[in-house]
Amino acid sequence: MTKNMWDERYAGGEYFFGTKPNAFMVSQHHLLKPGMSCLAVADGEGRNGVCLVAQGLQVLSVDSSAVAASKADTLAQQRGVKLDFEVADLLNWKW
């Protein structure tokens, strides 16, 4: 497997951006309701996608890094949720 730039950035045991959702998503919490569908584009290691699933949303996380996808899966398992994650080249992904 050839590593891309993001695979290299996300390599290692630590989460590059941490495991808490970003500030913007937290500020929008009041708009998010269980059962809503969400596309988490460039979700990296899944911190935002996992948070959304934990709030009851149906989430598809997409990122170009297989390393990030693996870490997102680990984070989801730690939080007791299931995150649907697709590894894709976002420039060529069928939106």
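Tyr10 is buried, with a relative accessible area of 4%. The model is predicted. In this model, Tyr10 pairs with Phe16. The geometry is edge-to-face, with 6.4 Å between the ring centres and 80° between the planes. Phe16 itself is partly exposed, at a relative accessible area of 44%.

Phe16 also pairs with Phe17. This contact is edge-to-face as well, at 4.8 Å centre to centre and with an angle of 80° between the planes. Phe17 is partly exposed, and its relative accessible area is 44%. Buried means under 20% relative accessible area, so Tyr10 at 4% counts as buried. Phe16 at 44% lies between that limit and the 50% above which a residue is exposed, and is therefore partly exposed. Tyr10, Phe16 and Phe17 join Trp6 in one aromatic cluster. The count of aromatic pairs comes to four.

Another ring contact involves a charge. The charged end of Lys71 sits over the ring of Tyr15. Its distance from the ring centre is 5.0 Å.

Tyr10 also appears at the largest pocket. This pocket has a volume of about 180 Å³. It is lined by 14 residues. Closest to the pocket centre are Tyr10, Ala42, Asp43, Gly44 and Asp63. Helix H1 (5–10) and helix H3 (47–54) are the elements that each give two or more residues to the lining. By class, the lining holds five nonpolar, five polar and four charged residues.

Technical notes: Residues are numbered from 1 along each chain as its sequence is written. This is a predicted model: local features need pLDDT of at least 70, side-chain atom pairs count only at pLDDT 80 or more; totals for chains, interfaces and linings use all residues. Side-chain values use heavy atoms; hydrogens and water are left out. Rings of Phe, Tyr and Trp (its six-membered ring) pair if their centres lie within 6.5 Å; planes under 30 degrees apart count as stacked, over 60 as edge-to-face and the rest as tilted. Buried means under 20% relative accessible area, exposed over 50%, partly exposed in between (1.4 Å probe, protein chains only). A charge sits over a ring if NZ of Lys or CZ of Arg is within 6 Å of the ring centre and within 35 degrees of the ring normal. On a 1 Å grid over the protein atoms alone, a cavity is a set of points where a 1.4 Å probe fits but cannot get out, and a pocket is an open set with protein on both sides within 12 Å along at least five of seven lines; lining residues have an atom within 4 Å of a point. Grid points are joined across faces, edges and corners, and a volume is the space filled by probe spheres set on the points. Helices (H or I, at least four residues) and strands (E, at least two) are DSSP runs, numbered from the N terminus. Ala, Val, Leu, Ile, Met, Phe, Trp, Tyr, Cys and Pro count as nonpolar, Asp, Glu, Lys and Arg as charged, and the others, Gly among them, as polar.
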